[in-house]
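Colleague: Could you take me closely through one part of this model, and then set that part in the context of the chains around it? I would like one connected account.

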Amino acid sequence: MKKTHIIGILVIAVAIVIIMSSVGDASTYVSFGEAIERSEDGDMTKVHVVGRLKKDPQGHIVGMNYDPLVDPNYFTFMLVDTNRYEQKVVYFNPKPQDFERSEQVVITGNMQNNVFVADKILLKCPSKYTENEVQANTASL
Amino acid sequence: MINTLIGDIGHASVIVAFVAAIVSSYAYFMASRAAVEATGDTSWRKLARGAFYVHGAAVFMVIFALFNIIYEHRYEYYYAWSHSSNHLAVHYMISCFWEGQEGSFLLWIFWHVLLGFVLIRGGKKNKEWEAPVMGIFSFVQLFLTSMILGVVIGDLKIGSSPFILMRDFMTDAPVFAMDPNFVPQDGTGLNPLLQNYWMVIHPPTLFLGFAATLVPFAFAMAGLWKNKFSEWIRPALPWAHFAAVSLGIGIMMGAYWAYETLNFGGYWNWDPVENAVYIPWLVLIGAIHTMIAYRRGKSGLKASFILVITSFILILYATFLTRSGILGNASVHSFTDLGLSGQLFAYLGAFAVLAIVLLVYKWKQIPTSEKELSTYSGEFWVFIGAIVLCLAAFQVLFTTSIPVYNSFLGFFGIESNAALPADQIAHYTKFQLWAGVGVAILTGIGQLLWWRKSDKGGFTEAIMLPGMLTLLFASLIIVLSKLGVIGNETIDNPVYIILLVASLFAVFANLSIILNLLHKKVTLSGGAVSHIGIALMLIGILFSSGYSNIVSENTSGLVYSREFPEEINRDNVLLWRNAPVEMDKYTVSYHGQFQEVEGVPGYVNRELLFPTADEYKAIARGRIQAGDKVYFEIGDTLNLESPENTYYEVQYKEREGDKTFTLYPRAQVNPNMGLLASPDIKHFADKDLYTHVSSVPDPNEEKDWGDLKEYELAAGDTIILNDYVAQFNGAEVIKTVPGIALKEGDIAVQADVKIFGERKTYHAHPVLIYKDGMAGYYPEVVGDLGLRMTLLNVDPEQGKFKFGVNTTQKDYIILKAMEKPFVNILWIGTIVMSIGFVMAIVRRNKEGGTPKAAKKPKKNKEVQAA
């Protein structure tokens, strides 16, 4: 066997390892229901959940708690997933400042002791870079 | 007044540039045909050249028009309105230029034009390349200019024009229905995170790199097309180096910007946008190595073709990823979707298909060398190095493309819910760290074999000294870290030790090569120099990321819940104003909010600034001085540089030792983007101390003032306010009140109250004004003490003054601080690497520029290796 062939086989082997391992590491978008099922099965892998903040009929956010004076690293809120399932989420970091205005929240983490422990929060705000709505204000000047 | 002329000029120039690119690519194509070349007819080439010059001139015109729109604040144009504002400094107007997709395309086009000019001029020396290479260039320009064309044919929209008027962009806005000539007074401004000098130079450098990858690609394609399968390598090689160094510096500038401006606590976040450029860079480096190996050993030609073509296609893929909106949720900072994804895909597809078809078609004709490479030859290890680089690139590519798989499957109606790994840093590090180890070892071995004097024996001899030095220094570093002399932690992670040893070996092996070349020909050592740079970068990354240390761990014992006692890092600390907190080896305290004032160095305490209706102006409440120099007197009107930015004064004091320093981390509450916190970094020789605020009380929310307590005092009385001793010194009638025009008959009374705080004494001067028979209250807020004093009433007969006092929660910030050991080595490594590249470019250019020089193979045999 020529050296090139050995190298070729090695490269393919490494590439396969990379693919398998990346597939294994890849997370998935799930609902809270599935996240709970996973944790009940003892599967502690981290998942992505997409949801909206729980709001009362007046549009106020419900169930959000952040008191930096007591613990600046403890933030909890209620998230409603696409199946309308409500879940308490804990985030051991300060509250993201524009949290209240977000339309959609993507969290990464897993279920622990009946709460979802998030280690990453990604907010989708209505007009993060496209300022179409600002027009009315500017125009009225 | 709407100025439509400048936009029309710009738009017309785009169309001219587009048409000229078509003419130029067609004419160059005609000029490249064998039949034309054989006759010596230069008319096609002349036409093509002329068309390219016209194209270039039109592009300059487009740039002039767009910059004029921004510079002159022509807000009737959407581009100026959405990316600029009245108060923007000139150098940031340059950043506005490429904040939008259209402008950044324009920047890319601009570099292609300049590189094209250089190649046309260089083409006079080796004429045979000009027509095919420039044909590819013009063809690329055709696609790029189409992106900003802004032409609508039926339902088909081609490109997005930067010259669109507001009224055409927002056809629904009622204001334009009323008055089509309405011009907004101000723009919405540049994204504040981009108001940074690195953002002025990072995009041009990166796009220069993008543009420069086209050159080796164009040469490779020309080589395939004209059956010059090996000749293209020589002229393409210096350009490949140039592309790699521009791209590399561009990437690192971006990393430094992120380190300095964003607050994720590092320079690299494995965000898809970052990865998108890192992937082609790795492949391009691989391509350079196979090209160099081919120049010396005549093997690796096919690999060079594949890698050069791949690197360019990956650049197009990066463009597609970041600009088509396909990343969606996955990335924090890709461009907004302009609806160009079809066009971007066509651009990517056209060149991928063209290149692959051409390569496959000519594959059999590409000469290969039959001989097997010996394991003891430098070339062999160069190839292994290139393979490691490509595998590393493949790994990043595979994971970064996850959102693409979802879209792709969705296209066929299959729903896929795959997401990027939850812990991206762990995921990528797992592979890239080993790629780093591989690269480091291979640079050492490859270089030593490449430059060895004799066969087998020479290698053992050559590796001896660097090997011994490596082991010596590695053990020294580990022992010193155990003793606590270096860094904060003992280096005991075996994987990190392997990387450290490998990187040190790379440094010493390459150093020994430079020493050997010193008395031969030092100009040849570019490769060794850049490899030392890479090894230093690896060491810098190892320490700064692997041993990053959170300083601000919450040790107060106050935690909200003890549900999750272990493994949760409580990385943020609450700092009350003026209340010192012990953190790691520092005593840290927060001393209030500051702002930047024009003409005053450093920052000015907000308590000295009396706000006015114009948020960019303030009136000095006290004397403003820095050091001994007085800049403004009481009552002067000041210009604020950026009223939206607040700087929080944080003082660090070493507990052992007396060193004190002050940092000013910045935060901005942005109406569109929430809290934007930027760190302030204290640089030490052996580490950086990185500090940012992670939360502040919302400044837009009214402070919750407690109930008003009334006090009736006479001059000289002393009272206790919010636990502080306060003394009322007296009151006087004043003639002028900053910011208020007093008429005849108006009376203003100012009281002077002295309050003894923990650190210093404060003077509160509440003012009561009787104006037109009405009482106006101008209370004074002492933010440090959480006090607000209002002078409510004056009874001149009794000599009694009535004060209202409210107290509130004191001001606080939530702070995160960390140490980044030896991050300087990363930046130094970057510079060393760049110097090495420049040396290599100079040398390769000499070889490439004069065809005759390459005919002396013996002398040019020594080439750098992996």
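**A helix pair and its surroundings**

Colleague: Please look closely at helices α17 and α20 of chain B: at what angle do their axes cross, and which residues make the contact?

Modeller: This is a predicted model, and what follows should be read in that light. Helix α17 of chain B covers residues 424-450 and helix α20 of chain B covers residues 526-546; their axes come within 10 Å and cross at roughly 155°. Because angles over 145 degrees count as roughly antiparallel, α17(B) is roughly antiparallel to α20(B). The crossing in which α17(B) passes α20(B) is left-handed. On the side of α17(B), the contact is made by B:Gly436, B:Val439, B:Ala440, B:Thr443 and B:Gln447, and these meet B:Ala528, B:His531, B:Ile534, B:Ala535 and B:Leu538 of α20(B).

The chain that holds this pair has 21 helices and 30 strands, and the C-alpha trace of chain B spans about 110 × 75 × 55 Å along its principal axes. Of the 866 residues of chain B, 47% count as buried, and among its contacts with a separation of 6 or more, residues 24 or more positions apart account for 68%. In general, nonpolar side chains of soluble globular proteins tend to be buried together. The largest nonpolar core here has 196 residues, and those with the most contacts inside it are B:Tyr77, B:Ala218, B:Ala220, B:Ala240, B:Ala244, B:Leu284 and B:Ala393. Of these, B:Ala218 is in contact with B:Val133, B:Ile136 and B:Phe137, once its neighbours within four places in sequence are left aside. Another core, of 39 residues, lies apart from that one and includes B:Ala618, B:Tyr648, B:Val693 and B:Ile813.

Turning from helices to strands, chain B also contains an open sheet of four strands in the order β20-β29-β28-β27, with antiparallel pairing. The edges are taken by β20 (709-713) and β27 (780-782) of chain B, and each has a single partner strand, so one side of each is left without a neighbour in the sheet. Neighbouring strands of this sheet are turned by 25° against each other on average, direction ignored. At the β27 edge, three bridges join β27(B) to the antiparallel strand β28 of chain B, residues 787-795, and the bridge partner of B:Val782 in β28(B) is B:Leu787.

Two loop residues of chain B deserve a separate look for their backbone angles. Most residues other than glycine have a negative phi. B:Trp270, however, has a positive phi near 55°, and it is found in the loop between α11 (233-261) and α12 (272-297) of chain B. With 20 other C-beta atoms within 10 Å, B:Trp270 is buried. B:Asn578 also has a positive phi, of about 70°, although it is not a glycine; its place is the loop between β5 (573-576) and β6 (581-583) of chain B. B:Asn578 is partly exposed, because the number of other C-beta atoms within 10 Å is 18, and a residue needs 20 or more to be buried.

Chain A, finally, has three helices and seven strands, which follow the pattern α-β-α-β-β-β-β-β-β-α along the sequence. Of its 141 residues, 28% count as buried, and 50% of the contacts in chain A between residues at least 6 apart in sequence join residues at least 24 apart.

Methods: Residues are numbered from 1 along each chain as its sequence is written. Chains are lettered from A and ligands numbered from 1 in the order in which they are written. This is a predicted model: local features need pLDDT of at least 70, side-chain atom pairs count only at pLDDT 80 or more; totals for chains, interfaces and linings use all residues. A residue is buried if 20 or more other C-beta atoms lie within 10 Å of its own, exposed if 12 or fewer, and partly exposed in between; C-beta atoms are placed from the backbone. Two residues are in contact if their C-beta atoms, placed from the backbone, lie within 7 Å. Two strands pair if DSSP finds at least two bridges between them. Axes are lines fitted to C-alpha atoms, for helices over the stretch in contact, and angles run from 0 to 180 degrees between N-to-C directions. A nonpolar core is a set of buried Ala, Val, Leu, Ile, Met, Phe, Trp, Tyr and Cys residues joined through C-beta atoms within 7 Å. Angles under 35 degrees count as roughly parallel, over 145 as roughly antiparallel, 65 to 115 as roughly perpendicular and the rest as oblique. A crossing is left-handed if the near helix is turned anticlockwise from the far one by less than a right angle, and right-handed if clockwise.
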